[in-house]
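Colleague: Please take a close look at one part of this model, a strand and its neighbours. Then place it in the rest of the chain.

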Amino acid sequence: LSPVCLGSLRRAASINAEYMGISNNCLIGAINDENGEANKIKNVLDGSYGAVPDTARQYKSKAIPWIVVGDENYGEGSSREHAALEPRFLGGRAVVVKSFARIHETNLKKQGMLPLTFAEPADYDSLQTGDKVSIRGLKSFEPNKPLFMVVSSADGSVKEIKLNHTFNSEQIDWFKSGSSLNRMREMNA
């Protein structure tokens, strides 16, 4: 898995808005570390700044997976099921944070996302918007075994960051199937 880092977000939570199929509010209340603004992130394809949902749709249209990097208590105050569904719908693959809000981590797992935490929370501060990352260890993904994020920065530097997860065997099957519903369909086919 080699996604683009969508941005380092200090307060990452989806804000409820009027339902429009899959609504257009993915991470619009998150404050971008790079510019201190809500819902304004850099598009690594062309360098422009735009709304999170619009940028995510552009990445999805070009089959470029992306991740969210967040701070503490990610998912707090959000409509948690929707906050897990929308990033997945828009092509997100992982959420890497210092910590998760109570139930949000499981909701991300159910949607086929990778909710991961920094083994060393200080590694959060070493990431920059636009870093290219690869999540390593998914071929041998199993409970209690860490994953690693290889980060390639614009300056040419490369670093490896250890990531923890709380997946059990059943939840790993959800991830491999794309979501818990996909796994249920496979089991009942």
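Modeller: Strand β4 (residues 66-70) and β5 run parallel and are joined by five bridges; two strands count as paired if DSSP finds at least two bridges between them. This is a predicted model, in which local features need pLDDT of at least 70, side-chain atom pairs count only at pLDDT 80 or more, and totals for chains, interfaces and linings use all residues. Residues are numbered from 1 along each chain as its sequence is written, and side-chain values use heavy atoms, with hydrogens and water left out. Helices (H or I, at least four residues) and strands (E, at least two) are DSSP runs, numbered from the N terminus.

Within the pairing of β4 with β5, isoleucine 67 has alanine 94 of β5 as its bridge partner. Valine 69 also lies in β4. Its C-alpha is 4.9 Å from that of valine 96, although the two are 27 residues apart in sequence. Valine 69 has a relative accessible area of 1% and is therefore buried (buried means under 20% relative accessible area, exposed over 50%, partly exposed in between, with a 1.4 Å probe and protein chains only).

Strand β5 itself (residues 92-97) is mostly covered, with five of its six residues buried. β5 also pairs with strand β6 (residues 114-118), in the parallel sense and over four bridges. There, valine 95 has proline 115 of β6 as its bridge partner. Together with helix α3 (residues 104-110), β5 and β6 make a right-handed β-α-β unit; right-handed means that, with the strands pointing away from the viewer, the path from the first strand over the helix to the second runs clockwise.

As for the rest of the chain, it has five helices and nine strands, in the order β-β-β-α-β-α-β-α-β-β-β-β-α-α along the sequence. Of its 189 residues, 46% are buried. Among contacts (heavy atoms within 4.5 Å) with a separation of 6 or more, 57% are between residues 24 or more positions apart.

The pattern ends in two helices. The axes of helix α4 (residues 169-177) and helix α5 (residues 180-187) come within 7 Å and cross at roughly 95°. α4 is therefore roughly perpendicular to α5, a label for angles of 65 to 115 degrees. Asp173, Trp174 and Ser177 of α4 meet Ser180, Asn182, Arg183 and Glu186 of α5. The residues of this contact comprise one nonpolar, three polar and three charged.

Key: Axes are lines fitted to C-alpha atoms, for helices over the stretch in contact, and angles run from 0 to 180 degrees between N-to-C directions. Angles under 35 degrees count as roughly parallel, over 145 as roughly antiparallel, 65 to 115 as roughly perpendicular and the rest as oblique. Ala, Val, Leu, Ile, Met, Phe, Trp, Tyr, Cys and Pro count as nonpolar, Asp, Glu, Lys and Arg as charged, and the others, Gly among them, as polar.
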